[in-house]
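Biologist: Could you help me read the enclosed spaces in a protein model? I would like to start with the general idea each time.

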Amino acid sequence: MRTAYSVETVRTAERELMARLPEGALMQRAAAGLAAACADVLGRVYGSRVVLLVGSGDNGGDALYAGARLARRGAGVSAVLLAPERAHAGGLAALRRAGGRVRMAGADGVEELIEGADLVLDGIVGIGGTGGLRPDAVPLAEAAERSRAVVVAVDLPSGVDADTGEVHGRALRADLTVTFGTHKPGLLIDPAREYAGTVRLADIGLSLPDEPELEALQHADVARLLPVPAAESDKYRRGVVGVAAGSGRYPGAAVLAVAGALRGGAGAVRYVGPAGQAVIARFPETLVSDRGPKHAGRVQAWVVGPGAGDDAATVAEVLAADVPVLIDADGLRLAEASAVRARRAPTLLTPHAGEAAALLGVDREEVERGRLGAVRELAGRYGAAVLLKGSTTLVAGAGGEGPVRANPTGTPWLATAGSGDVLSGLAGSLLAAGLSAVDAGSAAAYLHGLAGRFAADGAPVRAQDVAEGIAGAWRSVVRG
């Protein structure tokens with residue numbers, strides 16, 4: 001599992017470590033990891049052209065010391081200083097001793113120097129920075145992005161928010177980010193995540209708390225969560241998931257939610273709603289009823305809302321059930337907030353950004369800019385776990401406390417009609433199989449993203465293709 005910690009936590013851990021180390025030792029550890037990563041990218045260090053974009057403070061110092069290491073290996077290294085009077089003195093002296101050159105931002109020929117580089121090291125702003133790039137740094141960032149150079153960010157790309165993943169203004173887009181000690185939340189959450197490129201963690205010996213700000217599951221973590229039937233299992237012991245979805249206008253939503261549910265590990269799927277004929281024609285193993293949720297038979301979890309139209313009565317009936325409930329799509333609009341908060345059994349809301357914005361009473365753009373804050377606020381406001389879908393899917397526990405999980409799998413091709421219905425059915429099935437709301441949402445998002453990636457393989461994909469790809473994703477995770 002990858003974990004990410006807030007700037008405040010990282011700063012505290014750094015201070016505690018520095019108190020036990022010789023002066024400057026921690027920065028040298030960071031510089032060593034950074035230089036090694038740059039050398040790997042370059043392949044051949046000797047004769048390569050490296051440009052350091054150096055701001056004030058320790059981030060610039062890391063870049064300068066790493067540049068000195070590369071210069072000693074034969075690279076031609078030039079540092080461009082944005083604040084010469086505040087550049088890290090020790091790092092600057094080390095670079096000069098190693099034969100590195102120093103230029104000032106804004107001087108003639110600096111942008112051409114950057115454009116001709118093989119590697120540009122972004123040491124403009126560190127993890128304590130707020131807001132976008134300052135005006136004097138923007139031309140340097142633009143020159144780096146115009147160049148053919150590999151852009152390597154020091155700890156995180158300059159201009160992004162380390163704690164939230166927000167990007168306010170201009171930021172420098174990296175091909176590789178070398179982050180020190182631990183991931184920062186912004187490296188795992190869009191929009192900042194797309195600026196980071198590939199992320200490489202350099203261990204500098206930090207001691208961090210047990211509970212991180214953010215988690216990102218990996219194959220082994222998901223494999224441990226997935227239900228495995230025992231020898232004595234039958235379809236009821238494995239869990240039964242109820243799906244209350246679809247309408248005369250949207251029968252396909254019911255079919256797709258059932259498709260996801262059938263592949264999610266539960267032993268049986270009960271469908272309730274007006275799309276029974278469409279469901280049974282596609283999936284004859286489904287247990288179909290048109291008598292409403294109360295008369296559908298025993299279930300261990302419900303999925304309600306995909307394509308439900310204006311059927312508020314069914315949504316209310318499901319919310320009254322004393323089993324875990326997943327609420328999606330139209331169900332989010334129809335569910336009474338007070339009824340959600342009053343539930344004692346686990347509840348999982350699965351909005352996309354537009355639905356989350358409606359629930360919070362804000363613009364969609366605000367949710368997309370600040371996904372971490374939005375998912376926490378929703379979870380706190382509704383007293384329910386929340387899976388916020390999007391380019392970075394986030395899962396928060398009920399109340400918004402504890403680590404948020406960021407899903408690392410997926411593909412932009414998953415932005416297709418019906419994809420969310422498949423995800424809802426899959427997560428609901430995992431709820432019925434006994435997973436907690438956070439685990440069910442996290443594992444479902446992981447499998448769904450992986451299935452989408454496998455199904456697309458670089459080409460457009462249908463929601464049906466994603467559903468059919470879940471078994472392959474499941475096998476991939478279990479086999480490691």
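**Reading the cavities**

Modeller: Look first at strand S18 (404-406) and helix H18 (437-456), each of which gives at least two residues to the lining of the largest cavity. Helices (H or I, at least four residues) and strands (E, at least two) are DSSP runs, numbered from the N terminus. The model is predicted, with pLDDT of at least 70 needed for local features and 80 or more for side-chain atom pairs, while totals for chains, interfaces and linings use all residues. Residues are numbered from 1 along each chain as its sequence is written, and side-chain values use heavy atoms, without hydrogens and water.

Biologist: Which residues line the largest cavity?

Modeller: A cavity is a set of points on a 1 Å grid over the protein atoms alone where a 1.4 Å probe fits but cannot get out, and lining residues have an atom within 4 Å of a point. Here the lining is Leu 217, Thr 393, Val 395, Arg 405, Ala 406, Asn 407, Pro 408, Ser 442 and Tyr 446. Five of these residues are nonpolar, three polar and one charged (nonpolar: Ala, Val, Leu, Ile, Met, Phe, Trp, Tyr, Cys and Pro; charged: Asp, Glu, Lys and Arg; polar: the others, Gly among them).

Biologist: How many cavities of 30 Å³ or more does the whole structure have?

Modeller: The search finds two. The largest holds about 50 Å³ of space, and the second largest has a volume of about 30 Å³ (the space filled by probe spheres set on grid points joined across faces, edges and corners).

Biologist: What lines the second largest cavity?

Modeller: Ile 327, Leu 332, Ala 335, Val 340, Leu 349, Leu 359 and Tyr 382 do. By class, that lining has seven nonpolar residues, no polar and no charged ones.

Notes: 1 Å grid on protein atoms, 1.4 Å probe; cavity = no way out; pocket = protein on both sides within 12 Å on 5 of 7 lines; lining within 4 Å.
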